[in-house]
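I opened my notebook to work out how the chains of this model sit against each other. Here is what I looked up, entry by entry.

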Amino acid sequence: MAETQTAAPPEPEKDERVREMSRMRKALIRPELGAICGTILVFMFFLGIASDSGMFAAEGIINWGTVSAQFAIIAVGACLLMIAGEFDLSVGSMIGFSGIIIALMSVQWGFPVWFAILVAFALSLCIGALNGYLVIKTGLPSFIVTLAFLYILRGLTIFIAIATTRKTIIGGVKDVAEGDPIAWLFGGKVFSGVFVWLADLGLVGTFVAGPKAGLPVVEGIPMLMIWAIALIIFGHILLTRTRFGNWIFASGGDAQAARYVGVPVSRVKISMFMFTAFCATVFATCQVMEFGSAAADRGLLKEFEAIISVVIGGALLTGGYGSVIGAALGALIFGVVQQGLFFAGVESSLFRVFLGVILLLAVILNTYIRRMITGER
Amino acid sequence: MAETQTAAPPEPEKDERVREMSRMRKALIRPELGAICGTILVFMFFLGIASDSGMFAAEGIINWGTVSAQFAIIAVGACLLMIAGEFDLSVGSMIGFSGIIIALMSVQWGFPVWFAILVAFALSLCIGALNGYLVIKTGLPSFIVTLAFLYILRGLTIFIAIATTRKTIIGGVKDVAEGDPIAWLFGGKVFSGVFVWLADLGLVGTFVAGPKAGLPVVEGIPMLMIWAIALIIFGHILLTRTRFGNWIFASGGDAQAARYVGVPVSRVKISMFMFTAFCATVFATCQVMEFGSAAADRGLLKEFEAIISVVIGGALLTGGYGSVIGAALGALIFGVVQQGLFFAGVESSLFRVFLGVILLLAVILNTYIRRMITGER
Amino acid sequence: MPDANTAPLIELVDIEKHFGPVIALNGVSVSVKAGECHCLLGDNGAGKSTFIKTMSGVHKPTRGKILIDGKEMAFSTPRDAMEAGIATVYQDLAMIPLMSVTRNFWMGREPRKSVGPFKFFDFAEANEVTMAEMAKMGIHLRSPDQAVGTLSGGERQTVAISRAVYFGAKVLILDEPTSALGVRQTSNVLATIDKVRKKGIGVVFITHNVRHAMAVGDRFTVLNRGKTLGTAERGDIKAEELQELMAGGQELAQLEGSLGGTV
Amino acid sequence: MPDANTAPLIELVDIEKHFGPVIALNGVSVSVKAGECHCLLGDNGAGKSTFIKTMSGVHKPTRGKILIDGKEMAFSTPRDAMEAGIATVYQDLAMIPLMSVTRNFWMGREPRKSVGPFKFFDFAEANEVTMAEMAKMGIHLRSPDQAVGTLSGGERQTVAISRAVYFGAKVLILDEPTSALGVRQTSNVLATIDKVRKKGIGVVFITHNVRHAMAVGDRFTVLNRGKTLGTAERGDIKAEELQELMAGGQELAQLEGSLGGTV
Amino acid sequence: DGERFVLVSHAPDSDSWWNTIKNGLALAGEQVGAEVEYRNPPTGDIADMARIIEQTAASNPDGIITTLADPDVLSGPIQNAVAKGVPVIIINSGTPEQAADVGALMYVGQPEYDAGLAAGQRAKRDGVGSFLCVNHVVSNPVVGERCRGFADGLGVDLGTSMIDSGQDPAEIKNKVKAYLLANPDTEAVLTLGPTSADPTIQALQEMGKAGDIYFGTFDLGTEIVKAIKDGTIQWGIDQQPFLQAYLPVIVLANYQRYGVLPGNNINSGPGFITKDALAKVEEFAGEYR
Ligand SMILES: Nc1ncnc2c1ncn2[C@@H]1O[C@H](COP(=O)(O)OP(=O)(O)OP(=O)(O)O)[C@@H](O)[C@H]1O
Ligand SMILES: Nc1ncnc2c1ncn2[C@@H]1O[C@H](COP(=O)(O)OP(=O)(O)OP(=O)(O)O)[C@@H](O)[C@H]1O
Ligand SMILES: [Mg+2]
Ligand SMILES: [Mg+2]
């Protein structure tokens, strides 16, 4: 027939059906495809130029792994929030705020560390909820509301720290955290035994001098990584396998349509603001527990880094589309590039240039992929 | 009739017509109304608490006037761009970049200052155009594209500065700018005579010591202010009184609709990106010429400050609505609050808290006003 | 007019709805019986959408009663109304284009299976049901993962309708489902309405097109300026009369003359 | 069919338009004469919008000729088409709600007055003309500064149409202007089309509603799957035939039976 | 009594080192019964700092204490303040000559470049030939001078030895690790303050290099003192910021009251703090030391 020959579609969906996609291709075309390609490219690149620098030895892997894990923790929160159609510029300030709260309460005011941590989580969840409430209630773009909180929280953090301790950096948390029932959850290292065993096998190097001579160079997996992996798995399952995940997509895709079929959009969005705040606080707590100190300037510009990871991972800035795995890969790319440039000995100020270029390339690729999937124009 | 009594509208527009607005009210309800109220409130506040601190003496006025003028210069660019439906996060990095280019070319490489300034303007206009081109061409949100340039430009600035001079600060521009034909346009002061006369009348204080003894404490109006006023007038007229202004509104209101009636939307948007870059470069050049040095960290976070001024001034983040006068008032509020808190002796970290709160209140007020004007829901 | 042979599924009595100074509804009463298609007609701004949004729990009525199976109910969210068996399909807002057909179909009422203490979205079942229901309506999907954005307007409406029917709606509300559709798509939607009605579901159908209303409607209610102008049974009223009623009867005569016939 | 008593204002010959692999138009020829209303009908996705976008310079045809007053032209932007006298009113995209009526009315063709070397938007004239033109169409504005967002759908269409007419369009294209409108608003728009036609302007009117088409159309072209099914003159064809043609003739019989009459 | 002195710094809001300054300032104000204020540009932008100095001058204080982070930018506003009759004391950054040029009463502090140079010379004496400089505020023009001075003191080229570490502790730590893994023959580490020193200490400890690698730092803090004690850090350069804030207030107060003025500049540093005699330092590190 003439129609089939010319491939002129009577209705678009029929036409789509003509071009049956192969199983392979269908499996490949997913939001995180861009990030997967990016990850492969980045690894190939650094394997090529920095493989003899120790970047891919156990110690090097833990090195960029930790940095990536940090990004991943905030990226998971930002990703789910972005898919729910909002975003949060106050993540960085929240990190500073939570850290100072913990240090202040435990070191300065003498509360037990577990209590300080709980209070920090409670406070930040409240602030997250307030962010969400304001966005929902006023109908203002989340850009503005959370920008206001970026300033408010940072200001409060510095003010509180100075007003109570005359310092903006509060140390000594490690001492008070000794033996605390939950502090190790954030600052500890696990699987030390495995590394000792690997060192015995010669797969991991050992210290040759100093007080640690004979111990493996890698002490263990930092809890930060465990948190990152846990949050990624949690976020991924929540998003793709649960009812709530469907609501997240729906709220971001079209809040009104979702509301009309009974999705509690306000609740979904507010919870996602709270989850983002939760992730920021996990980040802050891990940092405080690992380094034993909190400073008012922690977390500067982290909101952008989270958003960049998420966007590299294929999520749509306007909501309704994206994947946690993608965001995690985005964080991995971010971390590997940042650390890799050091291993490769590139002038470190060029890192920002690389980052900008990668961001641009990634979103262009992602846009192309998304159009293929959704038939968007 | 029953209908008129119950005020049930058969068609919405009829109903609107019933509630005829008074002339007065109509004249008042405009985009910048919120900013006007804000300005009055802010001035009343500081007149109340800081009137004896020298804030409203000639010297104090020049002080917060200059700061406000600085904000205004970038706010005008950001305002027109925002009304055209886009925004630019790379303003701050552009300021750093332009400054370093000027200092590098004139001090380090020995080009005449006027040539360095021209090159800086040319470069930044190109980058602005590239920003715009990428946004138009890829259809990506300007948030992403300009975020990439935020990083790329800042990275380049630091890299260039360190690679060529091993420092991130380049001084000595004042010496090479001596007698330059256009440098005074950015760094000079005008109306010195007026102030001498005012000082003679005793209305302005005079220096009491040093080589300047006897001269008025205010030397003149800095060119920065002249630039700010010129840009505000230019922007206001462009926006409200010209064909191009109508196109700016149209491009931001609904790019597709505008395109279909023949408005060259791409051209409009790209020019606005270029204009924003132009304003950033004016800012940078004034700074370099006034202070004689450029540093790689200049302009940090200025993009947010510009956006905040514009939003306080009543513009809509999503485009199509706003006013240059409003943005200028937003910049004034910003400047007065920032400097005023110093005059009032408030702990400076609280400035951010104030700023955040003002931002939130301003947008809520503005949203309310906008709904009244446009019948938006 | 009140035909009492079957009790109405849902009855709205004297509904008023004010938005600040605007009185969008000023005493509207409508009832829907099982298996009937009740057409709601009226000018732009007459209050049709506001009325059905009140019915489906989006707006709370300022005054008036909602009776379901004779019992008074108050909906505070769309969910409440859905649980009471009222499903609504909005013209533009029926579907989320970026999401898959399955996700859209189940949106808000996802089936779940338990794995240990956790409950997960049961995709196996969801996909199967979706494909089956779509097939019943005559739509053959490439795969249940297909994004709704790749469907045509008529197909989207059909997905939305079949979703509502599947979830056991007793009353199905359709707000201008046919306004952007071509003749064939319209016929499909009207045929779907017909099918749904035959299952004993009450349908509320909003349209500006008298022909479409006449094609499937059993009763016709015309709104004007937030008030009911009256309800008529099929056969009691002719298309021309209905048309005149909708336009408020004024000024149209001369237009009709120059243009010829009903529009 | 080719009725040669007046030369066509615009003639499109064998237009083809491909979007990548999609062939949206596959040889469509349509001509518009002065003072006639040419209706373009067809199913969803038939290519109507694509066709008129080609006509108004939004898309460049992949193949085919556009003749204006017999001369071949190529439009590269909507502006070119406007300058050649072709004005288009899109259903949703006609107006920008946040802008005032005047600004919308003149958008893209702002009147200017010179002050010294500068040229400014001449608001005095613009406002006056806008008010006058609106009044001619029967719309009385509160003030020319009123935001378009406060107008009703029908009023917006009318502003868009009167804008096109005022700017001396020789051909006015309307893409589904009536689909969301109530009966009265529709009558208004149809009456406006009638007025415009009587001024000697050629009108291209796209609709899914056969009644609307029959009310004002002089000629009817039905598109199907990117091809012309044929063009008929008013009086040569009945509503029922047109309807059948639009739907492609298939499967409808049984629907029609159960639903009764044309939809 | 009741004079008003304002200290204007170039540090961003959250720079922790300046707390010592603030505390010294407050203490001196209390002791002499003067009103003291601390001001700074929130993002550390020196151009903004110039405005703050202008603003301070406009508010007619009895004395201004400020840094000369960038003489190009700041000399104008400072000269104007001086010309207005406001006594100015330069602290911290800048050199005594520059302070005299702008008409300041005196200079209290330790020029950044010189301090770096002294540190570099000391390191050279200790046999160091290559180093890593961890710069946590690479875009800040003042602090980086220390690295430049250090390189010149060692007599090596700065090259890529200065890294842009960012301010996030985990990033700093891992960047230091990455650099040292990639450049295992690095002989010394120089950090520019507690922000970069604390994570670097951890990095070295985790890499088992603590104590092996030559490690010097600027400015003291709780963790730094601990590290000096356990031998991870060889020395910390203390420019005694407390004095930089405390002394000018005392000097200005007495200058205003009795017209007395020391005849010379005061060098508050550089003092190399080593393992010996740490007790007081330890007690007050980060607060008054
Ligand atoms: N949220 C709201 N706030 C204020 N007024 C409203 C709101 N929603 C609707 N209205 C007003 O209520 C009236 C009825 O609107 P509604 O949308 O119900 O009309 P409709 O009959 O559905 O019209 P159409 O045929 O154009 O869809 C209109 O005057 C409208 O402006
Ligand atoms: N920009 C584009 N890229 C790819 N395909 C397109 C594009 N625009 C339209 N099409 C396809 O071209 C065909 C014709 O679309 P068009 O919008 O012209 O139909 P229509 O007759 O206006 O339909 P409707 O009655 O729904 O408005 C459709 O298959 C559509 O999917
Ligand atoms: Mg409606
Ligand atoms: Mg169309």
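**Entry 1: who touches whom.** I started with the eight pairs of chains that touch, and the pair with the most contacts is A and B. Contact here means heavy atoms within 4.5 Å. Chain C and chain E do not touch, and their nearest C-alpha atoms are 35 Å apart. I got a similar kind of answer for chain D and chain E: no touching, with 37 Å between the nearest C-alpha atoms.

**Entry 2: ground rules.** I noted that this is a predicted model, where local features need pLDDT of at least 70 and side-chain atom pairs count only at pLDDT 80 or more, while totals for chains, interfaces and linings use all residues. Residues are numbered from 1 along each chain as its sequence is written, chains are lettered from A and ligands numbered from 1 in the order in which they are written, and side-chain values use heavy atoms, with hydrogens and water left out.

**Entry 3: chain B against chain A.** How many residues does each chain bring to this contact? I found 42 from chain A and 41 from chain B. Together the two chains bury about 3600 Å², and 87% of that is on carbon and sulfur atoms. (Buried area is the accessible area, taken with a 1.4 Å probe, that two parts lose on being put together, summed over both.)

I then looked for salt bridges, meaning a side-chain nitrogen of Lys or Arg within 4 Å of a carboxyl oxygen of Asp or Glu. Between chain B and chain A the count is zero. I also looked for polar contacts, which are pairs of N or O atoms within 3.5 Å; within protein, one must be able to donate a hydrogen and the other to accept it, and residues adjacent in sequence count only if both atoms are side-chain atoms. Again I wrote down zero residue pairs between chain B and chain A (both at pLDDT 80 or more).

Which helices of chain B supply at least two residues each to the side touching chain A? They are α7 (113-138), α8 (142-165), α16 (302-312) and α18 (350-374). Helices are DSSP runs (H or I, at least four residues), strands are too (E, at least two), and both are numbered from the N terminus. The most comes from α8(B), with 14 residues. By type, I sorted this side of chain B into 31 nonpolar, five polar and five charged residues.

**Entry 4: how the two copies are related.** I laid chain B on chain A: the RMSD is 0.3 Å, after a turn of 179° and a shift of 0.0 Å along the axis. The two copies are therefore related as by a two-fold rotation axis. The same surface serves both, since 100% of chain B's contact residues recur in chain A. (Copies are superposed by least squares on the C-alpha atoms of residues with pLDDT of at least 70 in both.)

**Entry 5: chain D against chain B.** Next I checked this contact, where 32 residues of chain D meet 35 residues of chain B. The buried area is about 3000 Å², and carbon and sulfur atoms give 57% of it. I found one salt bridge across this interface. It joins the side chains of B:R243 and D:E110 at 3.5 Å, N to O. I also noted seven residue pairs in polar contact here (both at pLDDT 80 or more).

Note on methods
Ala, Val, Leu, Ile, Met, Phe, Trp, Tyr, Cys and Pro count as nonpolar, Asp, Glu, Lys and Arg as charged, and the others, Gly among them, as polar.
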